[in-house]
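Please explain how this chain is put together, for a reader who has not met the structure before. A formal account in running paragraphs is requested.

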Amino acid sequence: ERFPKLKLLSPAMPWVWTAVMVMVAFVVRLSMQGMLGGGLAYSAFYPAVILSAYAFGRGPSIAAAAVAVPLGFWCFVEPAFEWKFGANIVAGMLFFGLTCGVVITIITGATQALRQLSHELGRAKAVADNHAALFRELNERMSHQMRLVAGVLALQAKGEPEPQVAESLRRAMERSLLISRVHRELGGRGDEAVDFDAFAAALARAVCAERNQPVERVEVEPSGLKLSLEQTTSLSVALAECLGALFDTGVAGRLRIRFDAR
């Protein structure tokens, strides 16, 4: 996982690079044979084992240590290139093997724990993102519903003969719009201006299609009106109700819609 491109090229690449590191360690130690003699016969192989364990995992690093033992024993322990036995020789070999085993266990365990932690963090982030998306969707739906309620209240207030009732409906509409705006802000949505001419034209076509009327019956005059989302939803409810009521009464001919500042 430290070298994903190499792994994509071939599954054997970790083993190839481990072999290259062991060869480099062998060449370095061989170049220092005249100075070190039989001392530190295995020391040059430690970096290869450590890097292999960190980069490629337990298998290649164990192979690197297993290859380093006979190389160091045969080529660098005095007398070189001969069979030799002795307590100090066996102890040095065993110490190298034990040290490599401890290093491989610690490094591979740490990298595995880090990978597991990374996966857990990834899952936690995915869950958090999913919950955030659901929260935004909920707020968006609540905002839509409150805007629809505000539109219905506006229609009720428009046709209400009692001034006090009409005023109460108007205040309820304003509160509904306020709640809708708060939900939209909680969902991370800012104020967005809507081109109401285009929106009204599309809405009129939809109402005509629903009532089996020719779409060219309704014409929306250009006004350049820009409204907020709350105002757009409320006014569109009123517009749809008005068009539906006109069609229900059997009005014939072309309908022209014009918006002004009021």
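The paragraphs below go from the chain as a whole to its helix contacts, its aromatic rings and some single residues.

The structure is a predicted model. Its chain has 9 helices and 4 strands. Read from the N terminus, the elements follow the order α-α-α-α-α-α-α-β-α-β-β-α-β. Of the 262 residues in the chain, 32% are buried. Among contacts with a separation of 6 or more, 72% join residues that are 24 or more positions apart.

How do two helices lie against each other in such a chain? Two packed helices are described by the angle between their axes and by the distance between those axes. A suitable place to begin is helix α2, residues 13-31, with helix α4, residues 46-56. The axes of α2 and α4 come within 9 Å and cross at roughly 165 degrees. Angles over 145 degrees count as roughly antiparallel, and α2 and α4 are therefore roughly antiparallel to each other. The crossing in which α2 passes α4 is right-handed. On the side of α2, the contact is made by Pro 14, Trp 17, Thr 18, Met 21, Val 22 and Ala 25, and on the side of α4 by Ala 48, Leu 51, Ser 52 and Phe 56. Sorted by class, the contact of α2 with α4 has 8 nonpolar residues, 2 polar residues and no charged residues.

Helix α4 also meets helix α5, which spans residues 58-75. Here the axes come within 7 Å, again with a crossing at roughly 165 degrees. That angle makes α4 roughly antiparallel to α5. The crossing of α4 past α5 is right-handed. From α4, the residues Val 49, Ser 52, Ala 53 and Phe 56 meet Arg 58, Pro 60, Ser 61, Ala 64 and Ala 65 from α5. The contact of α4 with α5 divides into 6 nonpolar residues, 2 polar residues and 1 charged residue.

One residue of α2 links this picture together. Thr 18 lies in helix α2. Is Thr 18 buried or exposed? Its relative accessible area is 5%, so Thr 18 is buried. Leaving out residues up to four places away in sequence, Thr 18 touches Ser 52, Phe 56, Pro 60 and Ala 64. Ser 52 and Phe 56 belong to α4, while Pro 60 and Ala 64 belong to α5.

The aromatic rings give another view of the structure. A pair of aromatic rings is described by the distance of the centres and the angle of the planes. A search of the whole structure finds 8 aromatic pairs. In the pair of Tyr 46 and Phe 96, the ring centres are 5.0 Å apart and the planes stand at 55 degrees, so the pair is tilted. Tyr 46 lies in helix α4 and Phe 96 in helix α6, residues 87-158, so the pair ties together parts that are 50 residues apart in sequence. With 23% relative accessibility, Tyr 46 counts as partly exposed. Phe 96, at 1% relative accessibility, counts as buried. Elsewhere, Phe 26, Phe 45 and Phe 76 form one aromatic cluster.

Phe 76 is also among the contacts of Gln 33. The place of Gln 33 is in helix α3, residues 33-36, and at 15% relative accessibility Gln 33 counts as buried. Apart from residues up to four places away in sequence, Gln 33 touches Gly 38, Cys 75, Phe 76 and Glu 78.

Further along the chain, Leu 169 lies in helix α7, residues 163-186. At 17% relative accessibility, Leu 169 counts as buried. Which residues does Leu 169 contact, leaving aside its neighbours within four places in sequence? They are Leu 153, Gln 156, Ala 157 and Glu 160. Of these, Ala 157 is 12 residues away from Leu 169 in sequence, and the C-alpha atoms of the two are 5.4 Å apart in space.

The last residue on this path is Val 251, found in the loop between α9 (229-248) and β4 (255-257). Val 251 has 32% relative accessibility and counts as partly exposed. Not counting residues up to four places away in sequence, Val 251 touches Arg 217 and Leu 246.

Definitions and conventions:
Residues numbered from 1 in each chain as written. Predicted model: local features only at pLDDT ≥ 70, side-chain atom pairs only at ≥ 80, totals over all residues. Heavy atoms only, no water. Axes fitted to C-alpha atoms, helices over the stretch in contact; angles between N-to-C directions. Helix = DSSP H or I, 4+ residues; strand = E, 2+ residues; numbered from the N terminus. Parallel < 35°, antiparallel > 145°, perpendicular 65-115°, else oblique. Left-handed = near helix turned anticlockwise from the far one by under 90°. Contact = heavy atoms within 4.5 Å. Nonpolar A, V, L, I, M, F, W, Y, C, P; charged D, E, K, R; others polar. Phe/Tyr/Trp six-rings, centres within 6.5 Å; stacked < 30°, edge-to-face > 60°. Buried < 20%, exposed > 50% of the residue type's maximum accessible area, 1.4 Å probe, protein only.
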